[in-house]
Amino acid sequence: MYHQRAAICRTGRWQAGKAMSTTPLPVGGDRLRPSTYLRAGDPFVCPDHGDVAVVQEGALVIELVTGHRAVFQLVRLQPGDIALPLDALSTPAAAPTYRAITVTRIAWTGRDAPGMPERIEQARDMLLAATMRQLTQLGCLPASHRLYVELLRQGTAQLPSHGEIAARTSTSRETISREMSLLRREGVISSGRSGYVLAPSELIRRIARALGVSSETEAWESIGLSRFADELPHLSATTIS
């Protein structure tokens with residue numbers, strides 16, 4: 001029920017039935033399997049049929065979707081990362097899903113490819129660590145600070161609606177609107193309905209204090225965004241006082 005937002009993209013064909021060109025990729029022995037193409041926002045269901053899905057272009061995000069339609073982002077996959085089958089992690093109350101962030105191409109290869117067992121193990125460790133970070137945020141951060149995490153995750157992009165942010169942070173839309181207004185008055189985000197983060201270093205300092213870590217670097221690692229910290233302006237690895 002969690003995959004009804006759009007058609008399942010398995011073979012490079014879009015929901016409307018329009019075929020994309022596919023590039024054959026060797027999959028063990030002499031077999032060939034076409035790449036899978038996704039548009040921004042498309043879901044991706046990784047079947048457990050023995051082949052391994054590898055992000056070749058674009059980016060995927062793993063989201064945990066609950067029965068109440070709350071959405072928690074777990075980890076972002078970039079080119080070279082492996083997309084594991086997620087069916088075994090689903091429950092009646094919540095299910096992890098893949099969603100394409102940009103136009104994305106998924107290539108397929110065999111489990112017996114050189115170094116593949118180690119890469120699969122690393123992908124499992126990354127997913128487990130991301131799940132632990134999400135539990136840390138929900139258990140250790142108040143709603144205002146979960147908002148800070150989501151704002152930092154957006155980077156320099158235009159912010160989503162208050163309703164979307166509320167769903168991603170497990171809080172109410174009213175709470176998000178109140179906190180956003182406060183951040184605008186403080187100059188942390190820009191004014192206007194479509195805001196941008198102006199002072200990411202202030203947000204990460206607040207998160208670090210709430211988590212009880214001693215530096216911004218540790219705070220970035222704790223929320224799983226250290227890979228994107230360098231993309232934001234005015235950041236440093238200063239000690240939190």
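Colleague: Let's start with strand β9 (residues 94-100): how many of its residues are buried?
Modeller: This is a predicted model, so local features need pLDDT of at least 70 and side-chain atom pairs count only at pLDDT 80 or more, while totals for chains, interfaces and linings use all residues. Residues are numbered from 1 along each chain as its sequence is written, and side-chain values use heavy atoms, with hydrogens and water left out. Helices (H or I, at least four residues) and strands (E, at least two) are DSSP runs numbered from the N terminus, and buried means under 20% relative accessible area, exposed over 50% and partly exposed in between, with a 1.4 Å probe and protein chains only. By that yardstick β9 is mostly covered, and the number of buried residues is seven of seven.

Colleague: Which residues of β9 point the other way from Ala94, Pro96, Tyr98 and Ala100?
Modeller: In a regular strand the side chains alternate between the two faces of the sheet. Both groups in β9 are buried, and the ones facing away from Ala94's group are Ala95, Thr97 and Arg99.

Colleague: Strand β6 (residues 60-66) pairs with β9, but over how many bridges?
Modeller: Two strands count as paired if DSSP finds at least two bridges between them. One bridge sets Leu64 against Pro96 in β9. The β6 and β9 pairing is antiparallel, and its bridge count is seven.

Colleague: And on β6's pairing with strand β7 (residues 71-77), which residue of the hairpin turn has a positive phi?
Modeller: β6 and β7 run antiparallel over six bridges, with Val65 opposite Val71. Six of the seven β7 residues are buried, so that strand is largely enclosed by the rest of the structure. The hairpin has four residues between its strands, and the one with a phi of about 70° is Arg69.

Colleague: Which strands stand at the edges of the open four-stranded sheet?
Modeller: The order is β3-β10-β5-β8, with antiparallel pairing. Each edge strand has a single partner, so one side of it is left without a neighbour in the sheet; the two are β3 (36-38) and β8 (82-83).

Colleague: Which residue forms a salt bridge with Glu57?
Modeller: A salt bridge here is a side-chain nitrogen of Lys or Arg within 4 Å of a carboxyl oxygen of Asp or Glu. For Glu57 the closest N and O atoms are 3.6 Å apart. Glu57 sits in strand β5 (residues 51-57) and its partner in strand β10, so the pair ties together parts 48 residues apart in sequence. Glu57 is partly exposed at 43%, whereas the partner is buried at 13% relative accessible area: Arg105.

Colleague: Which residues share a salt-bridge network with Arg205?
Modeller: Arg205 meets Glu202 at 3.4 Å, N to O. They are three residues apart in helix α5 (residues 200-211), which means about one helical turn between them. Salt bridges with shared partners link Arg205 into one network with Glu186, Glu202, Arg206 and Glu216.

Colleague: How far apart are the end C-alpha atoms of helix α1?
Modeller: The expected span is 1.5 Å times one less than the number of residues. With 25 residues, α1 should span 36 Å, and the model agrees, with its ends separated by 36 Å.

Colleague: Last one: how many disulfides does the structure hold?
Modeller: A disulfide needs a pair of cysteine sulfur atoms within 2.5 Å. Cys46 is buried at 4% relative accessibility, while Cys140 is partly exposed at 47%. The disulfide count is zero.
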